[in-house]
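Reader: Please take one part of this model and go through it closely. I would like the helix packing described, along with the residues around it.

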Amino acid sequence: LVPQPHAGVRAAVRPAPGPPEAAGCAGRRVYLDHNATTPLAPEAARAMDEAARQAWGNPSSSHPAGKKAKELIESARESLARLVGGRPEDIVFTSGGTEANNMVIHTALRYFRESQGQAVPHIVTSNVEHDSIRLPLEQLVKECLAEATFVPVSPRSGRAEVDDVLSAVRPTTCLVTIMLANNETGVIMPVAELSQHIRALNQRRAVEGLPRILVHTDAAQMIGKGRVDVQELGVDYLTVVGHKFYGPRIGSLYVRGPGTTTPLHPMFFGGGQERNFRPGTENTPMIAGLGKAAELVSRNWEAYEAHMRDVRDYLEARLEASFGKLRIHFNSQFTGSKRLCNTCNVSILGSGLQGRRVLSNCKTLLASVGAACHSEKGDRPSSILLSCGIPCDIAQNALRLSVGRDTTRADVDLVVQDLMQAVAQLGKDQAS
């Protein structure tokens with residue numbers, strides 16, 4: 001049931017109008033859950049295999065086997081730096097996005113305490129963040145170690161608006177963390193504009209003796225689907241997650257001058273790897289795969305973006321044409337807001353058409369109703385969609401359809417036909 005590995009962007013297939021014949025398609029599955037995870041690019045898989053066989057030495061060892069591993073790691077660091085527009089020394093490898101996000105939060109708290117003593121630090125975020133931001137903050141608040149403001153996104157734009165974020169800032173604010181793009185709606189947040197305002201605010205705060213506000217963005221969903229440049233974004237920290245852009249399941253954290261320009265404190269203590277910021281013997285094969293995946297994005301992101309946007313737009317047009325405009329609600333379309341090129345969050349309107357029920361009746365489509373980490377929540381509507389102002393009866397019918405580099409228009413035709421059959425079957429079951 002897994003998709004075929006990425007083999008480069010295929011030209012979008014443009015079939016004749018109307019759904020394809022079922023003959024010859026029996027048993028075929030179409031994967032539209034790329035926001036949850038992507039298949040491993042074969043180039044990344046090869047890099048991992050070669051590293052495992054040829055660079056098996058400990059990167060901290062001075063003999064040739066260790067030096068080979070160290071060279072691969074530093075090469076990958078350079079690739080990650082090019083990917084986000086930073087310097088190699090700004091890249092710290094982590095186990096994934098969750099660790100990177102937690103590292104930023106704990107760094108901000110420690111930095112604040114070192115300069116402000118007993119005051120309780122305050123963090124500003126949005127109410128549509130990934131759980132690796134939301135849950136650590138909720139736990140810190142529960143333990144009275146921090147205060148946090150979860151700024152509501154605008155129901156008109158689906159964004160955390162700059163003025164709303166700035167109005168939440170307090171004298172004790174030490175960190176603002178806003179995701180670059182939402183994983184369910186695909187809405188892109190105004191991080192660059194926000195950073196610019198906070199930079200100016202920090203200049204005034206320095207005169208007043210107030211702590212510097214650090215700025216972080218989780219770019220997990222954006223990388224591989226659009227331009228990501230830390231200089232343009234103006235952030236202090238940026239989270240990178242490999243398995244969202246056809247790489248392995250590790251990540252990295254961009255830090256603007258770690259330990260000098262920008263504070264960074266380790267969450268673990270050990271052998272001193274990653275300049276003591278992230279100790280533990282480096283996972284050379286996974287890092288090599290991450291570096292290769294980063295190279296692919298750096299070279300091809302514009303082609304990837306154009307292809308996915310074309311297929312996503314075709315998907316939305318086919319859904320409207322097949323079900324009718326009155327039966328389709330696009331939960332990811334907000335007037336004036338940009339969104340990820342690959343993301344379609346849609347509800348098929350009608351009773352008994354909860355997203356999970358529809359998916360369970362699909363024979364071709366592999367997708368989800370929202371974030372994969374919320375899969376245990378049953379038929380409860382997505383809190384992200386509710387936070388964006390989507391009515392409950394619409395949100396509970398939501399499907400998150402996220403296309404990939406290899407998704408074609410022919411795949412879309414199969415998916416739409418599958419959804420129509422699933423909805424028809426649910427209607428018959430309800431009537432009987």
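Author: What follows starts with a long helix contact partner and then turns to single residues. The model is predicted.

Helix α8 covers residues 284-323 and packs against helix α1, residues 42-54. Their axes lie 8 Å apart and make an angle of about 150°. Angles over 145 degrees count as roughly antiparallel, and α1 and α8 are therefore roughly antiparallel to each other. The crossing of α1 past α8 is right-handed. On the α1 side, the contact is formed by Glu43, Ala44, Ala47, Met48, Ala51 and Ala52. These meet Thr284, Pro285, Met286, Ala288, Gly289, Lys292, Ala293 and Leu296 of α8. Sorted by class, the contact of α1 with α8 holds 10 nonpolar, 2 polar and 2 charged residues.

Proline 42 also belongs to helix α1. Its relative accessible area is 23%, so proline 42 is partly exposed. From the C-alpha atom of proline 42 to that of alanine 303 the separation is 18 Å, with the two positions 261 residues apart along the chain.

Helix α8 has a second helix contact, with α12. The axes of α8 and α12 come within 10 Å and cross at roughly 30°. That makes α8 roughly parallel to α12, since angles under 35 degrees are counted in that way. Here too the crossing is described as right-handed, with α8 passing α12. From α8, the residues in contact are Asp310, Val311, Tyr314, Leu315, Arg318, Leu319, Ser322 and Phe323. From α12 they are Arg409, Val412, Asp413, Val416, Leu419, Met420 and Val423. By class, the contact of α8 with α12 has 10 nonpolar, 1 polar and 4 charged residues.

Helix α12 spans residues 409-431, and glycine 427 is part of it. Glycine 427 is partly exposed, because its relative accessible area is 34%. Glycine 427 and threonine 335 are 92 residues apart in sequence, and their C-alpha atoms are 32 Å apart in space.

The loop between β8 (251-255) and α8 contains asparagine 276. Its phi is near 75°, a positive value in a residue other than glycine. Asparagine 276 has a relative accessible area of 47% and is therefore partly exposed. Another residue with positive phi is cysteine 144, at about 60°, and it is not a glycine either. Cysteine 144 sits in the loop between α4 (131-142) and β4 (147-151). With 62% relative accessibility, cysteine 144 counts as exposed, the cut-off being over 50%.

A further loop residue is glutamine 221, located between β6 (214-218) and α7 (230-233). Glutamine 221 has a relative accessible area of 5% and is therefore buried. A polar atom of its side chain lies 2.9 Å from the backbone oxygen of asparagine 35. The side chain of glutamine 221 also makes a polar contact with the side chain of lysine 225, at 2.7 Å. Leaving out residues up to four places away in sequence, glutamine 221 touches Asn35, Ala181, Asn182, Asn183, Lys244 and Leu340.

Note on methods
Residues are numbered from 1 along each chain as its sequence is written. This is a predicted model: local features need pLDDT of at least 70, side-chain atom pairs count only at pLDDT 80 or more; totals for chains, interfaces and linings use all residues. Side-chain values use heavy atoms; hydrogens and water are left out. Helices (H or I, at least four residues) and strands (E, at least two) are DSSP runs, numbered from the N terminus. Buried means under 20% relative accessible area, exposed over 50%, partly exposed in between (1.4 Å probe, protein chains only). A polar contact is a pair of N or O atoms within 3.5 Å; within protein, one must be able to donate a hydrogen and the other to accept it, and residues adjacent in sequence count only if both atoms are side-chain atoms. Contact means heavy atoms within 4.5 Å. Axes are lines fitted to C-alpha atoms, for helices over the stretch in contact, and angles run from 0 to 180 degrees between N-to-C directions. Angles under 35 degrees count as roughly parallel, over 145 as roughly antiparallel, 65 to 115 as roughly perpendicular and the rest as oblique. A crossing is left-handed if the near helix is turned anticlockwise from the far one by less than a right angle, and right-handed if clockwise. Ala, Val, Leu, Ile, Met, Phe, Trp, Tyr, Cys and Pro count as nonpolar, Asp, Glu, Lys and Arg as charged, and the others, Gly among them, as polar.
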